[in-house]
Amino acid sequence: MNKAIDILGGMDAETFLRDYWQKAPLLIRQAIPDVGQPVDFAWLSELASRDDVESRLIEYRQDRWKVEHGPLSARRLAKLPDSDWTILVQSVNHHLPHIADILWRFDFLPYARLDDLMISYAPPGGTVGPHFDSYDVFLLQVGGRKRWQISGQEDVSLVDGAPLKILQRFDADQTWELGHGDMLYLPPKYAHYGVALEPGMTYSIGFRAPTRQEMVTQFLVYLQDRLCCDGMYADPNLAPIAEPGRIGADMVEQVSAMLQAIQWDRDTVTDFLGHYLTEPKAHVFYDAPEEELDEDEFAQALAENGLRLDLKSQILFTESGVYANGERLEITESDRPHWQALANRRRLAAGVYPDTLTEALYDGYLHGFWHVH
């Protein structure tokens, strides 16, 4: 029997993936009623004021959209009116453990696809307008009530000159009011329009959906860092020419032959994905321990307390490699199951581990990639 998943309202993963994932919206009443301590506006404001956190303030007044990007000062936020604005803070899972725990509950989907948990707060009338996202998203209501309208329309024309991607036309197919704990899943490019009816938050669990252009560009960057092409351009048999301004056919042929020597295979692409999918975003930094344990102290702490990934860390693995925060780890084959367990569970249980694993974990600990409890 397939396992029922609480956050899918008791639906099993097979049914969800077959009938809804990237196919159809799904409303789940009381999907996650227990979210732990709600993140109030004061805490979001503090995060939005930091330069290592992505945030936005969106207002809609007199038929005009206004967007301010963080850091947002406390003085600016204190002047906000009682309605018609929204503050959005990205990657709150990097800063609060109980928010990270919500994100990793979506483990019926590959961690390679998970992006972050964004929190938006809005008083009555707060909205980011009718729009669509290019990625899958789960929208969890936390506190208050919010009206969501959705549409399977094909017209995705946008308002010219708006600072947001606002749809020119929005024709709602369905309308729901979401209360605390209710959650709405939307496939990519499914138009939606949310308006706060009461002060409250939306926890948005978003998924990575890089464009083909981004993937190709990043793959070429990956190749650039690893290519080693010997030799130099040479033309010892160059003949006299009448048009010195022309790029000759011989030069084109020689350079074409050089470029055709660049090759890759499935293993190359697999290795690229391991690096690319675990690479931290530009604003992410790790904090080394304030009082470093030496190796023996670290091994003892690991044995007694276990280890957990930093909230900002990502570990993924393939058949041939393990990747952490954009780097391929040098591991022994005997240690592989432990690394895979760390990637899947984001923690290691207390215990005595092989010296090779403990040494590698100690190096990551010094960089702030993971912590002993």
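How many residues does helix α5 have, and what distance does the helix reach from its first C-alpha to its last? In the predicted model examined here, helix α5 spans residues 212-226 and has 15 residues, reaching 21 Å between its terminal C-alpha atoms, which is close to the 21 Å expected at 1.5 Å a residue. The buried residues of this helix are Phe219, Tyr222 and Leu223. Viewed down the axis of α5, these buried residues fall within an arc of 95°, so they line one face of the helix. In general, an α-helix has 3.6 residues a turn, so residues three or four places apart point the same way. The face of α5 that is turned away from the buried side carries the exposed residues Gln213, Gln224 and Asp225.

The packing partner of the buried residues of α5 is α7, which comprises residues 266-278. Helix α7 has 13 residues and reaches 19 Å from its first C-alpha to its last, close to the 18 Å expected at 1.5 Å a residue. Its buried residues are Thr268, Asp271, Phe272, Gly274, His275, Tyr276, Leu277 and Thr278, and the elements that cover them include, besides α5, the strands β13 (315-317), β14 (322-324) and β15 (327-328). Two of the buried residues of α7, Asp271 and His275, are touched by Arg226 when residues up to four places away in sequence are not counted. Arg226 itself belongs to helix α5 and is partly exposed, because its relative accessible area of 41% lies between the limits of 20% for buried and 50% for exposed residues. The C-alpha atom of Arg226 is separated by 38 Å from that of Gly351, a residue 125 places away along the chain.

At the level of the whole chain, the secondary structure comes to 10 helices and 17 strands, and the C-alpha atoms fill a box of roughly 80 × 65 × 50 Å along the principal axes. Of the 373 residues in the chain, 43% are buried. Among contacts between residues at least 6 apart in sequence, 76% join residues that are at least 24 apart.

A search of the whole structure finds two cavities of 30 Å³ or more. The largest cavity, with a volume of about 50 Å³, is lined by Asp52, His94, His95, His283, Val284, Phe285 and Lys312, a lining that divides into two nonpolar, three polar and two charged residues. The second largest cavity has a volume of about 40 Å³, and its lining consists of Thr86, Ser120, Tyr121, Ala122, Gln141, Arg145, Lys146, Ala196, Glu198, Gly200, Met201 and Thr202. The elements that give two or more residues to this lining are β5 (114-122) and β11 (200-207). By residue class, the lining of the second largest cavity divides into four nonpolar, five polar and three charged residues.

Among the pockets, the second largest holds about 370 Å³ of space. It is lined by 14 residues, of which Leu238, Ile241, Gly248, Asp250 and Met251 are the closest to its centre, and its lining divides into seven nonpolar, three polar and four charged residues. Arg246 lies in the loop between α5 and α6 (249-260) and counts as exposed, since its relative accessibility of 57% is over the 50% limit. The C-alpha atoms of Arg246 and Pro280, which are 34 residues apart along the chain, are separated by 45 Å.

Several features of the backbone may be set against a general background. Most residues other than glycine have a negative phi, and most peptide bonds are trans. In this model, a cis peptide bond with an omega of about 5° joins Gly70 and Pro71, and Pro71 is found in the loop between β3 (64-69) and α3 (74-78). Gln62, a residue other than glycine, has a positive phi near 50°; Gln62 occupies the loop between β2 (55-61) and β3, where it is exposed, with a relative accessible area of 76%. Lys189 likewise has a positive phi, near 65°, and its place is in the loop between β9 (183-186) and β10 (191-196). At 55% relative accessibility, Lys189 counts as exposed.

Key: Residues are numbered from 1 along each chain as its sequence is written. This is a predicted model: local features need pLDDT of at least 70, side-chain atom pairs count only at pLDDT 80 or more; totals for chains, interfaces and linings use all residues. Side-chain values use heavy atoms; hydrogens and water are left out. On a 1 Å grid over the protein atoms alone, a cavity is a set of points where a 1.4 Å probe fits but cannot get out, and a pocket is an open set with protein on both sides within 12 Å along at least five of seven lines; lining residues have an atom within 4 Å of a point. Grid points are joined across faces, edges and corners, and a volume is the space filled by probe spheres set on the points. Ala, Val, Leu, Ile, Met, Phe, Trp, Tyr, Cys and Pro count as nonpolar, Asp, Glu, Lys and Arg as charged, and the others, Gly among them, as polar. Helices (H or I, at least four residues) and strands (E, at least two) are DSSP runs, numbered from the N terminus. The expected span of a helix is 1.5 Å times one less than its number of residues. Buried means under 20% relative accessible area, exposed over 50%, partly exposed in between (1.4 Å probe, protein chains only). The arc is that of the directions from the helix axis to the C-beta atoms. Contact means heavy atoms within 4.5 Å.
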